[in-house]
Amino acid sequence: MDKDGKQILNSYLLKQLRRQHGLSQEALADACERKSLRVSIATIKRAETAKAVTYRTLRNLAEFYAVPANDLIMEGAGGNILAREQDRFCLLVVIKTPDLLQRQYIQANIERYQPLFKEYHGNNLVAAFNRFTTSNQANDGKPSHTLYSLNQLYSELKQQSSILSPFFFMVTLAPVVCQNGQYQLESNQLAMLLQPLQLIPQNQFVLCDAMRALYEHKFHFSELDLPDMGRWWCLEGWVGYSTQRSPLCGRERELEQVMTQIRKSRQSMVSSSVWIQGDSGLGKTHLLDELSRRTAAQSWRVYRTDIEQAEMYWLDEIFTCEADVIVIDNLHLAVQSEIAQLRQWQQSTDQLLTIIVTAEPPRSEMFIEAFSPDLQLDLLPLSYEACREIAQAYPQHSSQHQELLITRSGGNPLYLMLLLNHNDSGGTLPHSLRLVLQDHIDNLGRIEQAALRLLAVSGQPCSLENLQALLGSLPDLPLLYQLQVLVVVGVDQVVIAHEMIREVVLQSLPDELVSAIHLQLGQYFEKINVISDLQQSEWLYQQFLAAGNPFKATFHLCHKANLMLNNGDYTGAENSLEQAKALLVEAKQQVADKTDYTLTQCVDLELDLMFYLANVYKIRYGWYSPSLAMHYNKIIEKCDLTNSNHRKVNGLFGLWTIALTQLDITKAKFFAEKALEVSESLDDDTGRMLALTALGNTCFWAGEPTQTYSYTQRALDCYSDELLESDLMLAGQDPRMLAWCFLLLSASQLEKPDTDVILEQMMAVSREVGHPFSLAIALQAGAWYHWQARNPAQSLYYANELADISQVHGFPFYTGVAALFSGWAEYQLSPSAAHIDTVANGYQRWLSSAGFKLTHSLYAVLLAQVLVADGQYELARKLVEDAIREALESGAECYLPDLYSAMAQLEDALAGNSQYWYEKALTHRACSPQQEALIRTMQRIRQSPAPINSR
């Protein structure tokens, strides 16, 4: 091998060796420097992405790793993994000439630019090169720009051409593959490359549109008129650093700050430094172009270099230049010792200098520490106004489309320019932009590319722990950060740095692979996560939907709907469940083609979905809704057909609730006892708790507080923490709340001790669980309990909170209940006809109109108490007589003693036979100890000698 030649190294082995030493690319460069082995970060990047490096680099890396140099050469690597890693986008040139002497000249001279491969096809030479820089053996092996070198060869050939020896250069970008250490074009790529050659004009250097977009800041171009070939351009020559390629927008403030610093330095005769940092594509190089132009216009001598292209020669060239302003691009690729040498030279030289450097953020600290720059600038994404200024130069796009492109660019001027140069309005990324972004991606290792695929398909941040579990090992994170394809968010989480990088990755993946990754992500996160928020459920639903698994997609969509129910979003929940119904039909149709779920599983999921919809219907439309009763009957039929007895208990519980709200005590007891029977046969505590709660509730309204107390205590004894989640989903409420509510009310009626403790415990748990509907049950219990104890202030406290939560979440039943208790309590505290209206309207608007007959007796007692106190005796008598008749007919006799007592109070007020009604109240079987005490107290007060005024 010639010592000045270049060699492609085994990138896979190089990365392995570096990781074995626990080094990032930056740390490796520094470690080499400490051993007096000069290897820059830019060189390491080239070597690890299979780009040609010098023999000196090979020797230095071999010495550092203490391995034979030949072991690092690409041919020594093993097979398929290497081939996959080193497939890449390259600059491809087709040189066509029929002249034998010209072909011999090309053959002799093209080797000096170290092509990756070259081959002849008739009169056409096809060769591939690195996209940006290549070794120029005619210039001591120093790197030079690939396109500039080819243009130089074109110029030499043009001087020798004549009318009898026409030729042309056609340059484009295309992927090449590496097999057994040799680069080559795939056959279909070669055919596409050679097909349009007859349309290329003679004696021209022609480039595709993607090349022009990538290199417009370095070369002059003129457009060719080739309507059948898309947009092609003629290369007219090297731009040079002092020539401005296009207006610079949105950076006037930064430009003026730098120019002011240079003037200040010249006036004070003190050298200075300026540090400009920003992510890739934000316009650092473009800013330097304009700075170079403006400084040259001031007759200041300007020296400009780019470390990415100059590699290890940049310092020597700076030390020998004569300049007033030194402009250095991509200083983040320098090692620490080089920065120290630059600083030392600046301090020792007699030249009055302003050094202006740009870099990407990860390596900023070294320069700042060494130079303490006089001016530091952080380039941020362009403002909307600056983006609009750029976009207005492209009138072929409508204002609306320009807005879309500005949004997609994220304020990145390079991305925006490439998007604007693309004439497709269909939302696809332009080829040139894909190539810019793929420059970050194509040469990554297998694990790094797999990480990008996972993150692109996922569309959300991923923790390092999960990324490692999904991939089997972590990618080279420092490399991915340095290339700015990944960024860190939150705590130990990474995400693709820009949405367009994600788009490029996604567009490169076949549909089958995308589906497989969606399935992998869904299965992994489904297994490790307790899905507790809407975003997670929606994300899992989307993963399985995209993976073509409608069964799992339905499952997670249902889960999402229940979380929406818990948050009080009933409209959203219903919409999601309707979507799930349609998706489940698709899942059933695909059962024959699937091995990961069965028809039985689909039927089970359908039952769950029916329960979820029932939870929506009962809250949005009320328990008395005919559609709800029909829905529960369908559930029972489906349970019987599929032998789903556990969920049949939940269905019976729903039918029991409908019967009770319709004041059909007999039917309500039937459904509750049936549910208990099924639960006992299954030895199922979940169903047993529901059934016992239903029986306790029914017995309460039937006027049987002792049985209520017993049933509800037994129900709460069945509770365990694992019941909570399933009941919130299937029953739509905390299973303890109804049992607790009627345990509290019956304990109060029976004058049990520690009833306040029961209420406190119930409220604390309901607030901790945070389920709105369950909290409403608890608040109802608080207002009701304090009404039974005739404590208006405390009853009002709970009623007001119940009204608030019912208004927010749309609970019509509890809105009415809150009105009953608040109207009664406010009248006791401050008598007013408005409070009487609150009670009456609360029932008429929210309860009776929705069919809640169950509450009629409670409503009648509450309203009668305030009507009697207000002297509206005839209205009170009619109300109480109707309520007594309905209670006797329905069997809901819980408040008959209170209604009889109200009749007694009316008789007292009207000097009638009150004793008859007091006796009926006190001797009725439903009269509880609490009611008896209240009635006897009222009897003593009413029958005292004090005069009673009648109205």
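**Stop 1: the aromatic cluster**

Select Phe700, Trp701, Phe742, Trp784, Trp787, Phe821 and Tyr895: together they form one aromatic cluster. You are looking at a predicted model, where local features need pLDDT of at least 70, side-chain atom pairs count only at pLDDT 80 or more, and totals for chains, interfaces and linings use all residues. Residues are numbered from 1 along each chain as its sequence is written, and side-chain values use heavy atoms, with hydrogens and water left out.

The structure holds 29 aromatic pairs. Here, rings of Phe, Tyr and Trp (for Trp, its six-membered ring) pair if their centres lie within 6.5 Å; planes under 30 degrees apart are called stacked, over 60 edge-to-face, and the rest tilted. Now keep just Trp784 and Phe821 on screen. How are their planes arranged? The ring centres are 6.3 Å apart and the planes meet at 40 degrees, so this pair is tilted. The pair links distant parts of the chain: Trp784 belongs to helix α37 (residues 772-788) and Phe821 to helix α39 (residues 812-829), with their positions 37 residues apart in the numbering. Helices (H or I, at least four residues) and strands (E, at least two) are DSSP runs, numbered from the N terminus.

Are these two residues buried or exposed? Trp784 has 3% relative accessibility and counts as buried, and Phe821, at 0%, counts as buried too. The cut-offs are these: buried means under 20% relative accessible area, exposed over 50%, and partly exposed in between (1.4 Å probe, protein chains only).

**Stop 2: charges over rings**

Stay with the cluster member Trp787 and add Arg790. Arg790 lies over the face of Trp787, at 4.6 Å from the ring centre. A charge sits over a ring if NZ of Lys or CZ of Arg is within 6 Å of the ring centre and within 35 degrees of the ring normal. Arg790 is placed in the loop between α37 and α38 (792-809). Although Arg790 is not a glycine, it has a positive phi of about 55 degrees. With 28% relative accessibility, Arg790 counts as partly exposed.

For another example, select Lys920 and Tyr900: Lys920 lies over the face of Tyr900, 5.0 Å from the ring centre.

**Stop 3: Gln931 and its neighbours**

Go to helix α45 (residues 929-942) and pick Gln931. At 4% relative accessibility, Gln931 counts as buried. Which residues does Gln931 touch, not counting those up to four places away in sequence? They are Cys894, Tyr895, Pro897, Asp898 and Ala926. Contact means heavy atoms within 4.5 Å. A polar atom of the Gln931 side chain lies 3.3 Å from the backbone oxygen of Cys894. You met Tyr895 earlier, as a member of the aromatic cluster.

**Stop 4: Ala883**

Next, select Ala883 in helix α42 (residues 873-890). At 1% relative accessibility, Ala883 counts as buried. Leaving out residues up to four places away in sequence, Ala883 touches His856, Ala860 and Leu899. Draw a line from Ala883 to Ala860: they are 23 residues apart in sequence and 6.3 Å apart in space, C-alpha to C-alpha.

**Stop 5: a small sheet and a helix**

Strands of a sheet pair through backbone hydrogen bonds, either parallel or antiparallel. Show β18, β20 and β19, which in that order make an open sheet of 3 strands with antiparallel pairing. β18 (462-463) and β19 (486-489) are at the edges with a single partner strand each, so one side of each has no neighbour in the sheet. β18 pairs with β20 (residues 493-496) over 2 bridges; two strands pair if DSSP finds at least two bridges between them. Across from Ser463 you will find Gln493 in β20. Then add helix α20 (residues 446-458), which packs on the sheet and touches β18, β19 and β20; its direction makes about 80 degrees with that of β20. Axes are lines fitted to C-alpha atoms, for helices over the stretch in contact, and angles run from 0 to 180 degrees between N-to-C directions.

**Stop 6: a hairpin and a loop**

Select β4 (residues 117-121) and β5 (residues 124-129), antiparallel strands joined by 5 bridges. Glu119 has Val126 in β5 as its bridge partner. The hairpin has 2 residues between the strands, and Gly122 takes a positive phi near 65 degrees.

Last, find Ser299 in the loop between α11 (284-297) and β14 (302-306). Ser299 is not a glycine, yet has a positive phi of about 65 degrees. At 64% relative accessibility, Ser299 counts as exposed.

**Zooming out**

Show everything: the protein has 45 helices and 20 strands. Buried residues make up 59% of its 951 residues.

Key: Polar contact = N/O pair within 3.5 Å; in protein donor to acceptor, adjacent residues only side chain to side chain.
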